[in-house]
Amino acid sequence: MKYLLIGNPNVGKSSLFNRLTSTFSHVGNIGGLTVDAKVGAFEYGEIVDLPGCYSVAPSSEDEGLVTSTLLKGDFDGIINIVDGTHLKRNLHLSLELLELGVPLYLVVNMVDELEASGFVLDQDRLMQRLGIPVTVISAKNGLHVDTLKTSLQQIPPRGTYQVIYHPIIEQAIDAIIQSLPDVSINPRWLAIQLLCGNEGVLALLSEAQRGQVLPIIERAEFAVSEKKIAHSLKGLIYSYRRDAIQQLLDGVLIQIRPINQKKQITHRIDRLIMHPVWGLIIFIFILLGVYTFTFDLVGNRMSNWLEGMLFNRMAPWLESFLIDRGIPSNHLFLRLLMKGIIPGVGGVLVFIPNIMLLFILIAIVDGTGYMARVAVMLDTLLKRFGLNGKSIVPLITGIGCNVPAIMATRTIEDPKERRLTMLIIPFMSCSARIPIYALIGSIFFERYRGLIILSMYFIGTAVALFSAKWLSLSLFKINQQHFILEMPPYRWPLLRNVYRYSKTMVMDFIAKAGQFILLGTIILFFLQELGPYGMVENQEQSYLAYIGRFIAPLFTPLGFGNWQASSSLIIGFFAKELIYSSMMVIYGSKEAITLMFTPASAFAFMVFSLLYMPCLATVGVIRSESHSLRYTTLSLVFTFVVSYTVSLLIYGFLRLILY
C-alpha cells in the first residue's frame with residue numbers, strides 16, 4: 001500500500017513520517033524545509049512525505065509537487081495531518097482533500113499542546129461528521145502513533161462530507177462537469193479547483209476543453225463581482241469553507257479552561273525575542289554563545305584530543321606496523337597513506353566533535369521554535385535589501401549546506417526572486433568551511449578563535465544581503481510579496497530528534513570525507529609527486545606547483561600569492577573541505593603555514609575561501625534548479641568577483657591598521 005502524507009507546514013508532518021517509517025527526515029520549525037517528496041517504508045507499504053502546503057492550488061514549485069502527485073493518482077490513500085491547536089486553519093486543506101473523494105485518514109497532531117492550551121477534541125463526533133477515520137496523536141512523544149500505524153493495514157473509506165457552495169458556484173460546477181464528461185479524476189473536485197484558479201489542474205486540459213471551461217469561469221466571476229457577493233470566486237469559495245469548518249468544530253472543539261496562560265506567556269516572550277532591536281541583540285548573543293561553546297570551550301578540546309590520538313599515536317603505530325611487515329619506508333603506497341590520505345582525510349575528521357556540537361546546538365535552538373521567530377524578525381531587514389521573507393528559509397538552510405538551501409528556493413513563487421536568492425546562497429557559510437576556519441583560527445587567532453569564526457558567518461551574511469540589494473536594483477528587479485510563516489509554540493526540544501538530526505549531519509560529513517575528500521586527496525598526492533619528467537623529489541617541480549604558480553599572481557594583491565595557497569583553492573572547488581586537506585598535504589605542517597601567511601593575509605584567505613565559487617555539488621544543483629547554463633555561469637563569475645573584491649578590501653584594511 002502507498003500512502004501520501006499531506007499537511008500544512010509545521011504541523012509535525014516530518015516528525016510523524018520519521019516515527020512511521022525507517023527513513024529519517026529533518027525536523028524543523030520553519031515552513032519550507034521539506035522541499036521534495038521523501039519516501040519511507042513501513043510495515044504495510046510505503047509513505048510519501050510531500051512538501052507542506054496550505055492548498056492543493058500551487059503557489060510555488062514545492063506546492064506544485066503536491067498537486068501533480070494528487071493528479072497522477074498513484075496512491076492508495078492519504079494521511080492528512082493537522083495541528084490540533086490550529087484546526088480552523090488546517091482544515092481548509094482537509095476539505096479540499098475530502099472533495100477529491102479519495103481514501104483519507106485525518107490525523108490530529110499535538111493533542112497534548114491542545115489540552116495544555118485549554119481545549120479538548122471530541123474525536124468520535126468529528127469522525128461521524130466527516131465520515132472518515134480520525135486519530136489523535138502527539139508525534140513529538142509518540143502518543144497513539146502505534147494505533148495509527150496499526151490502522152494503516154486497511155485502506156480508509158472515502159469521505160462523505162461535502163461543502164455546498166453559493167448557487168452561483170454550484171451552477172458553475174455543474175456546467176463545468178457537463179463540459180468535461182470524460183475526465184478520469186473526480187469531476188466535482190476538478191470543477192472546484194478550476195474555479196479556485198488552480199493552474200496545475202488547468203494545465204491538464206486540452207485547448208478545446210479550456211475553450212469550454214474558461215467562459216464558464218469568467219461568467220461566474222462576473223456574476224460574483226456584479227452582485228457584490230465577494231471580491232472573487234476564490235474568496236467566495238474560501239468563505240464557504242470557513243463557515244463549514246466553524247460548523248464542523250461546533251461541539252467538537254471544547255474549551256475546558258477559560259484562560260490560556262501558556263499563550264499569554266508566549267506573547268510576553270515574543271515581544272522581547274522578536275523586538276527589532278533587542279531581538280537582534282539576543283540573536284547575536286545566542287550565535288556567539290553557540291560558536292564560543294563549539295570552537296573554544298568544549299569542541300576545541302575534543303578536537304585536539306582526537307588530533308593527538310590520530311597523528312601522535314595511531315599514524316606512527318600504523319607506519320611502524322607496515323614497515324615491520326616488509327613495506328619500505330619510501331614505498332609509494334606508504335607515502336600515499338602517510339603523507340596524503342591520513343593528513344588529508346584524517347585532518348578533516350578531527351573536526352567531527354566541532355561539527356557534532358554545532359549541529360546539536362542548532363537542533364536544540366531550532367527545536368524550541370526560536371528559529372521561526374528569528375525568520376519573522378529578520379523579514380523586515382531582508383525586505384530592505386530587496387528580498388522577500390521567504391528567502392529566509394533557504395539562507396538559514398545554507399548554514400548547514402548550500403545544496404539543500406538551493407533546493408529550498410522552490411518555496412519562492414517569483415522566478416526572479418528565486419534566482420536572486422540562489423545567486424547569494426553560496427555566500428552563506430556552510431559546515432564544509434568549518435575545518436578551514438578552525439585551522440587558520442588555531443594558528444593565527446588562538447585567543448579569539450570563536451569570535452573570528454563567528455565573524456565569517458557575519459561577513460557571509462552581510463555580503464549576501466548587500467549583493468541582493470545591488471542585484472534587486474539592477475539584474476533582478478522584483479515586486480516583493482507578503483511573507484507568511486507558521487509560528488510554532490515554544491517547546492522543549494525532543495532529544496530523539498536532536499540526536500537523529502545531528503547524527504545524520506555528522507554521518508553526511510563523514511561520508512563526504514570518505515568519498516570526495518579521499519578521492520581529492522589521492523589526486524592531490526599524485527599531482528604533488530609527479531612532474532613533467534616523472535616522479536619528483538622536490539614538490540616545487542610537481543604538476544601541482546606549475547598549476548599553482550600559473551594563477552598565484554592573481555592572489556598576490558590579496559596577500560597569499562604563493563602556489564600552495566592557489567593550488568588549495570583550485571582543489572577546493574570540488575569540495576570546500578578539500579581546502580583544509582590540501583593545505584595540510586601541501587604545506588606539510590601548521591608551522592609551514594605560519595611562515596607563508598601573516599594574520600592579515602590569513603584572515604583574507606579565510607574570507608576568500610568563504611565567498612569564492614560554490615563547490616561542484618552546489619553548481620550542479622544550481623544548474624538543475626535554474627535550468628540555465630547561462631545563469632550557472634553567471635553564479636560562478638559573480639561569486640568569484642565578489643569574493644576577490646571583498647578579500648582585497650579586507651586585506652588592505654587589515655594591513656593599514658596592523659602594520
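**Notebook: a sheet, a covered helix and a helix pair**

I started with strand 4 and looked at where its side chains go. Gly77, Ile79, Ile81 and Asp83 point one way, while Ile78, Asn80 and Val82 point the other way, and all are buried. The count for strand 4 agrees: 7 of its 7 residues are buried, and I noted the strand as mostly covered. I keep in mind that this is a predicted model.

**Neighbours of strand 4**

Which strands pair with strand 4? On one count, I found strand 1, residues 2-7, paired with strand 4, residues 77-83, in the parallel sense over 5 bridges. I picked out one position: Tyr3 stands opposite Gly77 of strand 4. Then I looked up strand 5, which pairs with strand 4 in the parallel sense over 6 bridges. Here Ile79 has Tyr105 of strand 5 as its bridge partner.

**The whole sheet**

Next I traced the sheet. It is open and has 6 strands, in the order 2-3-1-4-5-7, with mixed pairing. Which strands stand at the edges? They are strand 2 (38-42) and strand 7 (134-136). Each has a single partner strand, so one side of each is left without a neighbour in the sheet. I also noted the twist, which averages 25 degrees from one strand to the next. Helix 5, residues 123-130, packs on this sheet and touches strand 5 (104-109) and strand 7. The direction of helix 5 makes about 155 degrees with that of strand 7.

**Helix 8**

I moved on to helix 8, residues 187-195. Is helix 8 mostly covered or mostly open? I found it mostly covered, with 8 of its 9 residues buried. The buried ones are Arg188, Trp189, Leu190, Ala191, Ile192, Gln193, Leu194 and Leu195. I checked both ends. At the start, a side-chain oxygen of Asn186 reaches to within 3.0 Å of the backbone nitrogen of Arg188. Just after the helix, Gly197 takes a positive phi of about 85 degrees.

**Helices 21 and 22**

Last, I looked at a helix pair. Helix 21 (residues 434-444) packs with helix 22 (residues 449-473) at an angle of about 140 degrees, and their axes are 9 Å apart. The cut-off for roughly antiparallel is over 145 degrees, and the two helices are therefore oblique to each other. I noted the crossing of helix 21 past helix 22 as right-handed. Which residues meet there? From helix 21 I listed Ile434, Tyr437, Ala438, Gly441 and Ser442. They meet Arg449, Ile453, Met456 and Tyr457 of helix 22.

Conventions. Residues numbered from 1 in each chain as written. Predicted model: local features only at pLDDT ≥ 70, side-chain atom pairs only at ≥ 80, totals over all residues. Heavy atoms only, no water. Buried < 20%, exposed > 50% of the residue type's maximum accessible area, 1.4 Å probe, protein only. Helix = DSSP H or I, 4+ residues; strand = E, 2+ residues; numbered from the N terminus. Polar contact = N/O pair within 3.5 Å; in protein donor to acceptor, adjacent residues only side chain to side chain. Pairing = 2+ DSSP bridges. Axes fitted to C-alpha atoms, helices over the stretch in contact; angles between N-to-C directions. Contact = heavy atoms within 4.5 Å. Parallel < 35°, antiparallel > 145°, perpendicular 65-115°, else oblique. Left-handed = near helix turned anticlockwise from the far one by under 90°.
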